[in-house]
Amino acid sequence: MRKPFVAGNWKMNTDSHTGVNLAKSLASGLSESTGKSVDVAVIPPFVYIPAVVEAVSTARIAVGAQNVYIEEKGAFTGEISAAMLKDVGCTYALCGHSERRHVIGESDDLINKKVSAVISGGLLPILCVGELLEERKAEQTSEVVSRQIKAGLAGLSAEKVSAVTIAYEPVWAIGTGLTATPEQAQEVHALIRKILGEMYDGKLAEEIRIQYGGSAKPENASELMAQQDVDGLLVGGASLKSDDFLAIIQAAV
Ligand code: PGA
């Protein structure tokens, strides 16, 4: 009942040439039938968004942004609003990716405002949550993820939350080659769905898609996707190679 959703987060990689080429090979490599059964998005750096939107326009591939600002417009030098992202053809925006939380220092409160601004601006947020290695070792995973979900969605109505995708990305698995086992992923995904059920209702919790992210690759995509509460993948490194990303999408069918 939940349509699989695979997104490729390019992070601060590619250039105008390699980004467009990657987008074009994905567009030509994605079959019509696969594109119908899986929602696919690519999330390039801001500056390449318009070129990538154009390059994927022949295929069922949406484009997202890696970040967004909380205000609509005005004197916020260097920031980009949800309205601007929509204007250039974006559908999704990541909120609270672990690199924004831990490298840039974004707080749960700021991330909450971003989720809200993204929905108000007519885009679909992907709210990223996940624990650090020391938090997992200290058995604080449930507490951390629960806090990030509750704070990230604070004040949002059920109607608004139905626009949200959650991405569970254990920080220790991101870019490290260490993937959570399918059982570890399922355990946290089930917890997230339970929290959503408590915050809203069971029906909404059943409808919201929860992606797994953290060293997802063709070799582990099928076993992750086989888990009951894993509805898709948020892919970093492996989304930069069209063959790998297409194989991951295929595993989600
Ligand atoms: P990775 O990144 O697949 O390179 O681990 C995932 C992410 O940060 O979204």
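**Close-up views of a predicted model**

The structure holds 3 aromatic pairs. One of them joins Tyr 69 and Phe 76, whose ring centres lie 5.2 Å apart. With 45° between the planes, this pair is tilted. The model shown here and in every other view is predicted.

**View A. Accessibility of Phe 76, a member of the tilted pair with Tyr 69.** Phe 76 has a relative accessibility of 32% and therefore counts as partly exposed. This value falls between the limits of 20% for buried and 50% for exposed residues.

**View B. Helix 1, residues 16-29.** Helix 1 is made of 14 residues. From the first C-alpha to the last, helix 1 reaches 20 Å, close to the 20 Å expected at 1.5 Å a residue. At the N-terminal end, Asp 15 acts as a cap. A side-chain oxygen of Asp 15 lies 3.0 Å from the backbone nitrogen of His 17.

**View C. The buried and exposed faces of helix 1.** Gly 19, Val 20, Leu 22, Ala 23, Leu 26 and Ala 27 are the buried residues of this helix. Because they cover an arc of only 160° around the axis, they sit on the same side of helix 1. An α-helix has 3.6 residues a turn, so residues three or four places apart point the same way. The buried residues pack against strand 2 (39-43), helix 3 (49-55) and helix 13 (242-251). On the face turned away from the buried side, helix 1 carries the exposed residues His 17 and Ser 28.

**View D. Surroundings of Ser 25 in helix 1.** Ser 25 counts as partly exposed because its relative accessibility is 29%. A polar atom of the Ser 25 side chain lies 2.8 Å from the backbone oxygen of Asn 21. Leaving aside residues up to four places away in sequence, Ser 25 touches Ser 242 and Leu 246. Leu 85 is 60 residues from Ser 25 along the chain, and the C-alpha atoms of the two are separated by 23 Å.

**View E. The ligand and the residues around it.** The ligand is surrounded by 13 residues, of which Lys 11, His 97, Glu 169, Gly 175 and Ser 215 are the closest. An N or O atom in the side chain of Lys 11 is 2.7 Å from an oxygen atom of the ligand. For Glu 169, an N or O atom of the side chain is 2.6 Å from a ligand oxygen. At Gly 175 a polar backbone atom is involved, 2.6 Å from an oxygen atom of the ligand.

Notes
Residues numbered from 1 in each chain as written. Predicted model: local features only at pLDDT ≥ 70, side-chain atom pairs only at ≥ 80, totals over all residues. Heavy atoms only, no water. Phe/Tyr/Trp six-rings, centres within 6.5 Å; stacked < 30°, edge-to-face > 60°. Buried < 20%, exposed > 50% of the residue type's maximum accessible area, 1.4 Å probe, protein only. Helix = DSSP H or I, 4+ residues; strand = E, 2+ residues; numbered from the N terminus. Expected span 1.5 Å × (residues − 1). Arc of directions from axis to C-beta. Contact = heavy atoms within 4.5 Å. Polar contact = N/O pair within 3.5 Å; in protein donor to acceptor, adjacent residues only side chain to side chain. Near = heavy atom within 4 Å.
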